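Please look through the structure below slowly, and keep it in view while reading the paragraphs that follow. They begin with the whole chain and then turn to particular helices and side chains.

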Amino acid sequence: MASFRIRQYQDQDFEAVRALFARGILEHAPAGFRHILRAARVRLALLAVFVAARAAAGSWVLGLGAVALALVLLWVLVRSLSADYVREALGTDLCDVPGTYLRPPDCRLWVVEEAGTVVAMVAAVPTGRGELELKRMSVSREHRGRGLARALCREVLAFARARGYGAVVLSTSMVQVAAQRLYEGQGFRKVGASYPSLLGTLLNFQIFHYRCDLGDANK
């Protein structure tokens with residue numbers, strides 16, 4: 001990482017971090033779509049659509065057309081999970097970065113910079129339970145595989161230890177397999193799962209929750 005520099009967020013980074021985060025989340029929509037298509041109940045539902053359409057219209061072509069339409073609708077629903085999450089983030093903490101990550105105590109947002117360009121980011125906020133939450137981790141597609149996410153994760157862990165926190169917690173989606181491996185390699189363990197919304201429940205799209213214990217806490 002000799003050509004990269006980890007530093008704290010500055011005002012001129014505003015548009016860059018928002019765009020970086022949005023792209024990173026939306027890129028996972030195809031993986032989420034493939035995951036949902038592998039579910040047995042989704043395949044059965046698509047088969048039922050085909051059988052019902054063919055029986056009603058008496059045509060294989062119309063039956064296949066109905067399945068294609070159902071797939072388009074399913075894609076729109078899956079992508080809306082990512083789009084809604086991005087919209088919420090851009091309208092809350094990433095709308096007021098100084099008020100969320102700079103002024104409050106023990107809150108930070110770090111970026112990785114290369115040649116004047118922000119290529120990765122991560123944030124940390126206290127949870128109020130003696131824990132620090134790692135969030136908004138994102139690395140640009142062109143710079144993945146270079147250890148940037150690992151370096152940012154270690155930055156958060158070191159920050160948490162220096163501030164006396166007993167654990168770092170985070171959440172990531174079930175389709176972000178590379179992120180799960182990264183966190184597990186840094187000492188995080190999976191402690192639970194939840195659904196982000198009613199739509200997530202219907203689509204069986206889960207959010208995994210992780211925790212890394214740091215030892216004795218002073219918070």
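**From the whole chain to single rings**

The secondary structure of this protein comes to 8 helices and 7 strands, and the reader should keep in mind from the start that the model is a predicted one. Computed along its principal axes by calculation, the C-alpha trace spans about 70 × 40 × 30 Å. Of the 219 residues in the protein, 44% are buried. If one takes the contacts between residues at least 6 apart in sequence, 64% of them join residues at least 24 apart.

A good place to look at such contacts is the meeting of two helices, H2 and H4. Helix H2 covers residues 29-37, while helix H4 covers residues 60-91. The axes of H2 and H4 come within 9 Å and cross at roughly 130°, and because an angle between 115 and 145 degrees is neither roughly perpendicular nor roughly antiparallel, H2 is described as oblique to H4. The crossing of these two helices is right-handed. On the side of H2 the contact is made by Ala29, Pro30, Gly32, Phe33, Ile36 and Leu37, and on the side of H4 by Leu71, Leu74, Trp75, Val78, Arg79 and Ser82.

Which residues of H2 are buried? They are Ala29, Ala31, Gly32, Phe33 and Ile36, and what covers them includes H1, helix H3 (40-57), H4 and helix H8 (198-203). A general point about helices helps in reading lists of this kind: an α-helix has 3.6 residues a turn, so residues three or four places apart point the same way.

The aromatic side chains offer another way into the structure. A pair of aromatic rings is described by the distance of the centres and the angle of the planes. In this model the count comes to 5 aromatic pairs. One of them is formed by phenylalanine 21 and tyrosine 85, whose rings lie 5.9 Å centre to centre with 55° between the planes, so that the pair is tilted rather than edge-to-face, a term kept for angles over 60 degrees. This pair links distant parts of the chain, since phenylalanine 21 belongs to helix H1 (residues 14-26) and tyrosine 85 to helix H4, 64 residues apart. Phenylalanine 21 has a relative accessible area of 2% and is therefore buried, whereas tyrosine 85, at 38% relative accessibility, counts as partly exposed.

Another pair, that of phenylalanine 33 and tryptophan 75, has ring centres 5.5 Å apart and planes at 80°, so it is edge-to-face. Here too distant parts of the chain are linked, with phenylalanine 33 in H2 and tryptophan 75 in H4, 42 residues apart. Phenylalanine 33 counts as buried at 16% relative accessibility, and tryptophan 75 counts as partly exposed at 29%. Both residues also appear in the contact between H2 and H4.

A ring can also have a charge placed over it: the charged end of lysine 190 sits over the ring of phenylalanine 208, 3.5 Å from its centre.

The last stop is alanine 160, which lies in helix H6 (residues 148-162). Is alanine 160 buried or exposed? With a relative accessible area of 0%, alanine 160 is buried. Leaving aside its neighbours within four places in sequence, alanine 160 is in contact with Leu132, Tyr165, Val168 and Leu214. The C-alpha atoms of alanine 160 and leucine 94, which are 66 residues apart along the chain, are separated by 21 Å.

Technical notes. Residues are numbered from 1 along each chain as its sequence is written. Side-chain values use heavy atoms; hydrogens and water are left out. Rings of Phe, Tyr and Trp (its six-membered ring) pair if their centres lie within 6.5 Å; planes under 30 degrees apart count as stacked, over 60 as edge-to-face and the rest as tilted. Helices (H or I, at least four residues) and strands (E, at least two) are DSSP runs, numbered from the N terminus. Buried means under 20% relative accessible area, exposed over 50%, partly exposed in between (1.4 Å probe, protein chains only). A charge sits over a ring if NZ of Lys or CZ of Arg is within 6 Å of the ring centre and within 35 degrees of the ring normal. Axes are lines fitted to C-alpha atoms, for helices over the stretch in contact, and angles run from 0 to 180 degrees between N-to-C directions. Angles under 35 degrees count as roughly parallel, over 145 as roughly antiparallel, 65 to 115 as roughly perpendicular and the rest as oblique. A crossing is left-handed if the near helix is turned anticlockwise from the far one by less than a right angle, and right-handed if clockwise. Contact means heavy atoms within 4.5 Å.
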